[in-house]
Amino acid sequence: MVRNMKIIKNLVQFIAAFFKAIYKVIDRVIIIPITKFIVMITDKLGNRTDRFEKWITKKNTLIFISLILAIGLFMYVDSESTTIITDSAEVLYGQKVKATYNNNTYVVEGLPKSVDVTLIGRKVDLYLAKQLATGVVTADLSGLGEGMHTIKLEYDCSIRSVEYKLAPSSVNVTIYPKVSQTRTAGIEVINKNKLDKKLSIGDVTLNNSEIVIKGAEHILNKVSTVKALVDVSKMMNPKIGTTTIDDIKLVAYDSNGDVVKGLEMEPNRLSAKVVVNSPSKEVPLKVVPAGDLEFGKAIDNITTDVTKVTVYGDQDVLDTIEYIPVEVDVSKLSENKSYDVVISKPSRIKEISETNVKVNITLGTEVTKEVQNVSIETINLDTNRYKAVAVGENSSKTTVVVKGTKSVLDTIDDSTIKAQVDLNGYGEGEYEITVKVTGEDNKATYNPKTTKIKVKISKK
């Protein structure tokens, strides 16, 4: 009722505006020019205005002028009314298609979600038709069974004087029986980067993990997994503890990770309890000198104003962090020096308690020491498939030349030195591999006398 009153009001306003426009045109085109013309003639006649007044007031003169005005008005109204009477066209874009069928039993493919409707008729009728438009195109599939069908689309036009055309007017559809399967929903946490960097997501528990998916059998067979997308950005002011997130969206994926469409899911939305925590770990800083000092010099001592930092991240990442390396370039250094160094955040660590450290390096005189019989180890070999043995003499042990100050070298023995060959990516065969040596004390430098060894790799 309210809508009809609004339509009538709009129609009245439209008609009033139309006649108001006509009046303005008549006033501008006819009345004002005639008035000006009469005033001009009166001014030119001067004293002879009495004669003009007598002429203008004669009955025949008034009839003649009225006739001219009437003819002019008729011609104008006739030309204007033609624009109202002449057929025009209006396009209603994106009109929704509503299908009638048993959706508990069947699935329909090929039916468009929306179509365009072209209305043809007089402008005044088109105006009413647009105001009364339902915005729904119907497709009657009731009574149809499985298989392919050509159906006609219908549009309910309330103004019968208006012709309508649909694009398309008919469509080919395929009707399939609806089947269902039960799947277990997995969990995918999204938007974790929007959390405070010191916070992490722990356990996530869905209120219901058993999901019934419905649709055509060939569509269901594409589904590899169903995921509940837990959007942690929906949490308001997340804090450490357990939070409930509602309205969790479910998405079906195929084996390629693409979204599978054309499915129904029950339930189609879930809720979840999300544990928010803040895993952290305190680890030491380890200064790593880079480059060669001035000849004859060695690092005697390294001190820092920050010895430990707290790192934040997921627990599985924290478990792999033993220290934070701080690299300092000491190339050509010949005297004691202080450095202000930025602490680089390790990969997958979200936050670190300190970002800068002051490093003080004290130099001394370089001396040399040899550490005998350091065992050479193999690393990164696929031990489930292969075994490795050193080939030739002096291939299992090496002598390491250590350089540093006397006070540093006095604390170094073979237990603090590792000699290794990296067999990552190697398969069956015999190879010559470079020996790499490292020591626990970064103030010294380590070089093996045996730089390469032969290693034979064979299958187990």
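Me: In what order do the four strands of the open sheet with mixed pairing stand?
Reply: This is a predicted model. In it, four strands make up an open sheet whose pairing is mixed. Their order is S19-S16-S18-S21.

Me: Which strands stand at the edges of that sheet, each with a single partner strand?
Reply: An edge strand here has a single partner strand, so one side of it is left without a neighbour in the sheet. The strands in that position are S19 (324-329) and S21 (351-352).

Me: Which residue in S21 stands opposite Tyr312?
Reply: Strand S18 covers residues 308-312 and is joined to S21 by two bridges. The two strands run antiparallel. Opposite Tyr312, in S21, stands Glu351.

Me: Which strands stand at the edges of the open sheet S24-S30-S27?
Reply: This sheet has three strands, and the pairing is antiparallel. From one strand to the next, the twist averages 35 degrees. Two of the strands have a single partner each, so one side of each lacks a neighbour in the sheet. They are S24 (386-391) and S27 (429-434).

Me: What is the bridge partner of Glu430 in S30?
Reply: S27 and S30 (residues 452-459) run antiparallel and are joined by six bridges. Glu430 has its bridge partner in S30, namely Lys456.

Me: Which residues have the most contacts inside the largest nonpolar core?
Reply: The largest nonpolar core has 28 residues. Elements that each supply at least two of its residues include strand S10 (200-206), helix H5 (217-220) and strand S13 (241-253). Apart from this core lies another, of 26 residues, among them Leu285 and Val328. In the largest core, the residues with the most contacts are Ile201, Val226, Ile248 and Leu250.

Me: Which residues does Leu250 touch, not counting those up to four places away in sequence?
Reply: Leu250 is one of the residues with the most contacts inside the largest nonpolar core. With residues up to four places away in sequence left out, Leu250 touches Ala185, Ile211, Val226, Lys227, Ala228, Met265, Pro267, Asn268, Arg269 and Leu270.

Me: What share of the 460 residues is buried?
Reply: Buried means under 20% relative accessible area. Of the 460 residues in the protein, the buried share is 31%.

Me: Where in the protein is confidence lowest?
Reply: The average pLDDT of the protein is 86, and 81% of the residues score at least 70. Confidence is highest in strand S22 (residues 356-365), at 97. Where pLDDT is low, the predicted coordinates should not be read in detail. The lowest confidence, at a mean of 58, is in helix H3 (residues 59-85).

Definitions and conventions: Residues are numbered from 1 along each chain as its sequence is written. This is a predicted model: local features need pLDDT of at least 70, side-chain atom pairs count only at pLDDT 80 or more; totals for chains, interfaces and linings use all residues. Side-chain values use heavy atoms; hydrogens and water are left out. Two strands pair if DSSP finds at least two bridges between them. A nonpolar core is a set of buried Ala, Val, Leu, Ile, Met, Phe, Trp, Tyr and Cys residues joined through side-chain atoms within 4.5 Å. Buried means under 20% relative accessible area, exposed over 50%, partly exposed in between (1.4 Å probe, protein chains only). Contact means heavy atoms within 4.5 Å. pLDDT is the predictor's confidence in each residue, from 0 to 100. Axes are lines fitted to C-alpha atoms, for helices over the stretch in contact, and angles run from 0 to 180 degrees between N-to-C directions.
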